Structure formats: structure tokens, C-alpha cells
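Subject: Structure handover and notes

Hello,

Below is the structure I said I would pass on. My notes follow it.

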Amino acid sequence: MATLIQENGLKGTHGVVSNHGISAHSVPSHMVPDHEYCEPSKPQEIQQQCIKTEDVTASQPNGEEEEETPEIDIMINNVVCSFSVKCHLNLRQIALNGVNVEFRRENGMVTMKLRRPYTTATIWSSGRVTCTGATSEEQAKVAARRYARALQKLGFQVRFRNFRVVNVLGTCRMPFGIRIIAFSRKYKEADYEPELHPGVTYKLYNPKATIKIFSTGGVTITARSVNDVQSAVERIFPMVYEFRKPRTPADEEVLRARNARRRPPASVAAPAAPLPAPSDLTLVTMSDDEGDADAWE
């Protein structure tokens, strides 16, 4: 099962986690009994069965191709990390001499921003720093080291220690709508309060993640790492597949237009194939920073 992480919904690919799955294919034609097995000496019932099997295969158009395995794009919107510089920081000195900083005296912290990668750091006088806004774990570490270097240039004895990713926010969209009321009734772990939130909140414990499911098919995942986000999507897909909504004519039209863009035009238009089972799903997770990787590394 391949998962491609798409960060911030931008175009481009990088950071592919390859884990190929099994896609469903039709039965090969060479497995259909040939005429040589329908000998006159065999009973008449067996001969009729062979003839019916051949008629079914002959009735299928030659140009028909099975619909491609659906792909789910997991977009990483935010990666939160923290680290320590192992020294006391004078917030007033940082506010006076630093660049792109804001001193919030009432909160006892300084915020500092970077353009590339576009992140925001919250700095406390104890030396603890929290960085938000990155779209990958690699970006988060690069941004953290740049903040540590900026503090070092301001005259502090900085040591980069205790770096870790605290939280990852990812979103994806299922290829179908979801009947969230029926879903919340079946699973006790699901919390659905339509007066407070339009989605169902479902908590996973292995991996530890919080998932919010919407009736449109949108899913929001909060976990400790990018791999946990991917694992959470793989865990939740078979559960919501059971409560999928039937496709409307508008959905069928969108699906046909999407398939027409992906594959070359055929002489005979093939009808839309039914949605495959959860075991046939291919999770494709795309990333967007390949083009800018050299710029911020």
C-alpha cells in the first residue's frame, strides 16, 4: 500500500513511503475453458456450462478496462516540534536585536518567524523553543536548527538539544461520502455532537491518533508523527467503507471526467466500475517541497 504525503496541497512530489498494495484485476482470458475441453464424449450439462462461460467472456467489450485503484492523498498541513538550547535567554535582548521577532511581555515569550521554511517559533526565557508551520519532519528540523543559529548569533551559548516532533496534522478525502450518524452508533469510541461540531471524533490507541470524520468524506488526523498519520488512515478506511454513501449522478460524472484526464481516450467508452473493496485500496500520499528542497536545505 503506497502512501504519498502531500504537504499544504501544493504541487510536486517527494517523500514517498513505498509500501505497494495488491490491486484487483479481472480474471485472465487464458483461464477460461477452451473448446478442447468440451468434447462430445462429455455429458451435455458440462458442454452447456462451457458454452455459457465462453458467451460471458465474449460479451465483454475488448476495449473495456477496469477502473484504476483509487488513490487517497494525505496532505500534511502542520508539523509541531520542540527543542532546547540549554541556556537562559534574555527575551528583551532578542526583541531589540533580533529580526522578525515580536515580544509578548504579558505571555513571557518571544515569537520569531522564518520565510524559508515558512515557520514560527515561540521562545521562552528558560531556553525552550517550539516551532510550528512546517509541512514535513525534515523541514521542522531544518527550521529548528536555523532558529538555534539565529539565537547563537545574538550572543547566547546555544546548544541544540532534545529535538522531537510533538504533533502532526494531516488531512485527506475519501473517494465517497460517509454516513456519520450510522458510524457513530456502531462504534462506541466515536463521539458525535452535531450541536458542537459537524464531524465525528474518533480516537485510535494503536497508533495513538485523533480522527475527525465528516459526511463529505473529509478526514482530519492528528498524531505524533507522519507515519502514525498514514497508519491511522489505513486503520480508519475499512471502518468508514462500510458506511459509504451511494454515488450520485454528479459523482459519476466527476469520476468519468477524472478518468478521462488520466487515461488516453478510448474508442468505446467503458462504464464506471464499482468501488473496490478496502483490500484493493492504494493510499497515495504526495509531497510538495521537492522543487524547493535545495532552497531551504
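Which residues of the largest nonpolar core touch the most other members? They are Ile-94, Leu-151, Met-174, Phe-183, Ile-221 and Ile-236, in a core of 56 residues. Helix 5, residues 226-241, gives the most to this core, with nine residues. Please keep in mind throughout that this is a predicted model.

Overall figures

The chain has 297 residues, and buried residues make up 36% of them. Its secondary structure comes to seven helices and 14 strands. Among the contacts with a separation of 6 or more, 68% are between residues 24 or more positions apart. The accessible surface of the chain is about 18,200 Å², and carbon and sulfur atoms account for 50% of that.

Helix 5 and the core

Helix 5 contains 16 residues and spans 23 Å from its first C-alpha to its last, close to the 22 Å expected at 1.5 Å a residue. Its buried residues are Val-226, Val-229, Gln-230, Ala-232, Val-233, Ile-236, Phe-237, Met-239, Val-240 and Tyr-241. The list includes Gln-230. In soluble globular proteins, nonpolar side chains tend to be buried together.

Phe-183 touches three of the buried residues of helix 5, namely Ile-236, Met-239 and Val-240. Leaving aside residues up to four places away in sequence, Phe-183 also touches Ala-190, Val-200, Tyr-202, Ile-213 and Phe-243.

Ser-184 lies in helix 4, residues 180-186. Is Ser-184 buried or exposed? Ser-184 counts as buried because its relative accessible area is 16%, and the cut-off for buried is under 20%. The side chain of Ser-184 reaches the backbone oxygen of Ile-181 at 2.8 Å. Beyond four places in sequence, Ser-184 touches Ala-190, Tyr-192 and Val-200. Ala-190 and Val-200 are also among the residues that Phe-183 touches.

Strands 11, 12 and 13

Strand 12 (residues 208-213) pairs on both sides. Strand 11, residues 200-205, runs antiparallel to strand 12 and is joined to it by six bridges. Strand 13, residues 218-223, is also antiparallel to strand 12, with five bridges joining the two. Ile-213 takes part in both pairings: Val-200 stands opposite Ile-213 on the strand 11 side, and Val-219 is the bridge partner of Ile-213 in strand 13.

How do the side chains of strand 12 point, and which of them are buried? Ala-209, Ile-211 and Ile-213 point to one face and are buried. Lys-208, Thr-210 and Lys-212 point to the other face and are not buried. In a regular strand the side chains alternate between the two faces of the sheet.

Both pairs form hairpins. Two residues lie between strand 11 and strand 12. Pro-207 is in that loop, and the peptide bond from Asn-206 to Pro-207 is cis, with omega near 0°. The hairpin of strand 12 and strand 13 has four residues between the strands, and Gly-217 there takes a positive phi near 105°.

Other backbone points to check

A cis peptide bond also joins Arg-116 and Pro-117, with omega about -5°. Pro-117 is in the loop between strand 6 (109-114) and strand 7 (119-124).

Lys-86 is not a glycine but has a positive phi of about 60°. Lys-86 sits in the loop between strand 4 (74-84) and helix 2 (91-97). With a relative accessible area of 43%, Lys-86 is partly exposed.

Asn-162, in strand 9 (residues 161-173), also has a positive phi, near 55°.

Lys-141 is in helix 3, residues 137-153. Lys-141 is partly exposed, with a relative accessible area of 41%. The C-alpha atoms of Lys-141 and Arg-164 are separated by 8.5 Å, and the two residues are 23 apart along the chain.

Regards

Note on methods: Residues numbered from 1 in each chain as written. Predicted model: local features only at pLDDT ≥ 70, side-chain atom pairs only at ≥ 80, totals over all residues. Heavy atoms only, no water. Core = buried A, V, L, I, M, F, W, Y, C linked by side-chain atoms within 4.5 Å. Buried < 20%, exposed > 50% of the residue type's maximum accessible area, 1.4 Å probe, protein only. Contact = heavy atoms within 4.5 Å. Pairing = 2+ DSSP bridges. Areas by Shrake-Rupley, 256 points an atom, 1.4 Å probe, with all protein chains shown as cover. Expected span 1.5 Å × (residues − 1). Polar contact = N/O pair within 3.5 Å; in protein donor to acceptor, adjacent residues only side chain to side chain.
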